[in-house]
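Biologist: Please take a close look at one part of this model for me, and then show how other parts are put together. Short sentences are fine.

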Amino acid sequence: MSKLNMLFSFLRFISVFSVLLLLINPRFEKISLSVEKPNLVIAVDNSSSIKHLKQDKKTTEFIQKLSNNNDLKNKFNLEFYTFGESLKALDSLTFIEKQTNIYSAFSQLTQVFKQTTSPTLLITDGNQTYGNDYQFITSTYNQPIYPIVLGDTITHTDLKIEQLNVNKYAYLKNKFPVEAILVYNGSDNINTNFVVTKGNTTVYSKAVNFTKSINSKVINFTLPANSIGVSNFKATLMPLENEKNTINNSKNFAVEVINQKTKIAIVSNFAHPDLGALKKGIESNEQRSVFFLNPKESINQINDFQLFVLYQPNDSFKSLFKILEEQNRNKFVVIGAKTDLYFINSLNTSYDFEITNQTENYQAELNINYSPFLIDDINFESFPPLESNYGSVIFSVPFQTILNKTINRISTNEPLLATFEKNRNREAVLFGENIWKWRAQSFINSKSFNEFDNFIGKLIQYLASNKQKSRLNIDYESFYNGSSNIVIKAEFLDKNYVFDTRETLNITVVDNISKEQKTFPLILKNNNYQVDLSSLPPSEYSFIIKATNENLSKSGSFQILEYNVEQQFLSANVTKLQKLATNSQGDTYFIDHTDELVNTLLNDNRYTPIQKSSKNTIPLIDWKYLLAIIALSLGIEWFLRKYNGLI
């Protein structure tokens with residue numbers, strides 16, 4: 001056997017053996033080792049109360065010290081966050097946030113570090129301005145928490161106005177009620193005065209006294225509403241001599257005085273839960289009052305009301321419909337299972353029903369292109385279905401749909417709630433009953449009736465007014481509290497009154513006191529334009545919103561009341577932070593005594609790195625080198641045979 005034949009045999013053996021090996025396809029196990037370090041979560045309070053308590057410099061230095069500690073970085077993955085109204089990754093510390101929600105910060109951290117070992121440093125004064133009580137977050141946040149207490153822990157003698165309760169609206173030449181809750185923190189018997197001023201004029205004053213046992217007072221009084229517009233007041237609890245924090249002794253409040261109250265009649269022949277839901281929704285705005293009437297009573301009181309809500313009308317409504325039509329009065333008609341559709345069709349109204357004598361349950365879908373006024377999506381798709389008549393509705397006038405009917409989330413292209421204008425009067429039609437269920441579901445969704453009531457309020461406001469449709473509409477409040485978000489919304493429509501997303505809107509805001517002027521762009525969001533003016537300081541402002549491409553503008557004015565809830569605290573809430581640490585099996589440290597903290601974290605056996613092994617089973621067919629060996633051996637054999645003239 002020649003050497004060449006031996007080489008051919010060897011190459012052929014390699015090729016056949018490799019192919020047979022691929023056919024058998026054995027599997028190999030690969031074990032890889034990795035070390036997983038625990039996380040050290042560092043959450044820093046970025047609210048303005050830290051700066052108010054003069055702890056901002058110490059906090060910044062402490063964060064720098066932690067981030068430069070090599071021992072900590074070797075043992076932990078350091079994760080830095082800031083919180084105020086919401087949790088954010090640490091970029092820079094500004095201490096300017098207007099609210100503190102510690103509970104919300106932990107709720108968000110729960111989602112991120114749920115499956116890991118992540119001891120948490122909470123650097124805060126412990127003063128929360130809104131949200132759930134954070135000391136009970138340990139039931140869901142299963143990590144040791146180490147509060148680092150910022151601020152003075154000494155209890156000082158202090159007087160403060162804990163809360164002022166006042167309505168947003170009052171009526172001209174009436175008196176509106178005010179409730180003040182006053183709190184005293186101290187051990188001596190003291191006397192002081194509670195004073196309410198309007199400008200330089202004192203409108204109310206009362207002497208108050210406190211003792212160690214009687215440390216709170218509730219004062220109820222009324223003030224006159226003598227002029228139309230926004231009236232500003234300042235409530236002051238006169239400070240004690242040498243009182244350390246006097247900022248919380250004063251609070252500003254405002255009331256918008258209006259000239260008249262809108263009266264709305266709900267006309268029905270029978271009782272139904274919808275009537276109460278509509279009344280509650282309409283009267284959530286104190287500018288409106290609702291009266292229940294039957295069709296016969298309402299005929300004699302036509303001129304007493306600005307709007308009529310006709311609930312499931314039948315033949316007894318005939319005279320009322322005739323008078324409302326003759327006088328071009330606005331109305332809101334609710335059509336349900338008990339409505340006489342033959343009567344509705346006989347009225348020669350703007351719509352006719354296809355009568356099937358059957359009903360169906362329909363859910364709602366918001367039409368985001370609805371243009372007459374701004375509608376917020378309050379999660380209509382989650383609301384229970386309304387009972388409506390089965391069959392089409394044919395309109396003889398142009399109309400716009402607010403809500404469409406859907407069945408099993410499939411749109412029927414039929415209106416559930418629609419509005420239209422005819423002969424300068426406005427009308428809305430709801431093609432379904434049991435809207436009371438919507439109000440209940442809205443409360444379940446948001447823990448408040450406000451969203452549903454605001455939706456009904458906007459609809460009623462549109463129907464109770466006969467103003468001509470505008471292509472530029474704005475939505476804002478007459479006054480805002482200093483700690484609240486100040487958001488102005490605008491809607492721009494094209495010449496066909498369809499929402500236009502192509503326009504550029506800018507708002508120019510002028511401080512009426514300092515005459516300083518600023519311009520901001522409005523950002524397109526969902527079905528409206530918005531601008532956040534929360535950065536403006538308390539003052540009186542006028543503004544104008546202009547469209548860049550067309551000669552359209554709208555102006556208005558508002559006031560920002562001076563109030564910073566973060567400046568109401570005199571010291572840290574040590575008690576609550578200590579309870580939080582105890583409940584989470586952590587420990588409490590003060591910002592001036594944190595030397596032991598690093599040693600505690602480094603020596604705690606709960607936070608040792610974990611070595612993890614992962615076994616990966618790899619089939620031989622995935623090994624690319626074997627394919628290369630087969631190709632190489634066959635290629636060399638072919639080349640040698642060709643070279644030697646054997647092929």
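**A sheet and the helix packed on it**

Modeller: Start with one pair of residues: alanine 43 has leucine 122, in strand 5, as its bridge partner. Keep in mind that this is a predicted model. The two strands involved are strand 2 and strand 5, which pair in the parallel sense over four bridges. Strands of a sheet pair through backbone hydrogen bonds, either parallel or antiparallel.

Now widen the view. Strands 2 and 5 belong to an open sheet of six strands, ordered 4-3-2-5-6-35, with mixed pairing. Its edges are strand 4 and strand 35 (589–590), each of which pairs on one side only.

Next comes helix 5, residues 102–112. Its buried residues are Ile102, Ala105, Phe106, Leu109 and Thr110. Down the helix axis they fall within an arc of 145°, so they line one face of helix 5. What do these buried residues pack against? Their partners are strand 2 (39–45), strand 3 (77–83), strand 4 (87–89), strand 5 (120–124), strand 6 (145–149) and helix 12 (574–583). The N-terminal end of helix 5 is capped by asparagine 101. A side-chain oxygen of asparagine 101 lies 3.4 Å from the backbone nitrogen of tyrosine 103.

Move on to strand 20, residues 359–366. Strand 20 pairs with strand 21 (residues 386–389) in the antiparallel sense, over four bridges. There, tyrosine 362 has leucine 386 of strand 21 as its bridge partner. Strand 20 is also joined to strand 23 (residues 400–407), again by four bridges and antiparallel. Glutamine 363 stands opposite threonine 406 of strand 23.

Is threonine 406 buried or exposed? Its relative accessibility is 7%, so threonine 406 counts as buried. Leaving aside neighbours within four places in sequence, threonine 406 is in contact with Tyr362, Gln363, Ala364, Glu365 and Ser411.

Now the nonpolar cores. The largest one has 35 residues. Phe332, Phe380, Ile402, Leu403, Trp438 and Phe455 touch the most other members. Helix 11 (residues 450–463) gives the largest share of this core, seven residues. A second, separate core holds 26 residues, including Leu182, Tyr184, Val196 and Ala225.

Phenylalanine 380 deserves its own look. Beyond neighbours within four places in sequence, phenylalanine 380 is in contact with Ala364, Leu366, Ile375, Leu403, Trp438 and Phe455.

Finish with helix 14, residues 624–643. Why does its length agree with expectation? At 1.5 Å a residue, its 20 residues should span 28 Å, and its end C-alpha atoms are 29 Å apart, which agrees. The buried residues of helix 14 are Leu626, Ile630, Ser633, Glu637 and Leu640. Down the axis they fall within an arc of 115°, so they line one face of helix 14. These buried residues pack against helix 1 (3–24). The face turned away from the buried side carries the exposed residues Lys624, Tyr625, Leu627, Ala631, Leu632, Phe639 and Tyr643. Just after helix 14, glycine 645 takes a positive phi of about 70°.

Key. Residues numbered from 1 in each chain as written. Predicted model: local features only at pLDDT ≥ 70, side-chain atom pairs only at ≥ 80, totals over all residues. Heavy atoms only, no water. Expected span 1.5 Å × (residues − 1). Buried < 20%, exposed > 50% of the residue type's maximum accessible area, 1.4 Å probe, protein only. Arc of directions from axis to C-beta. Contact = heavy atoms within 4.5 Å. Pairing = 2+ DSSP bridges. Core = buried A, V, L, I, M, F, W, Y, C linked by side-chain atoms within 4.5 Å. Polar contact = N/O pair within 3.5 Å; in protein donor to acceptor, adjacent residues only side chain to side chain.
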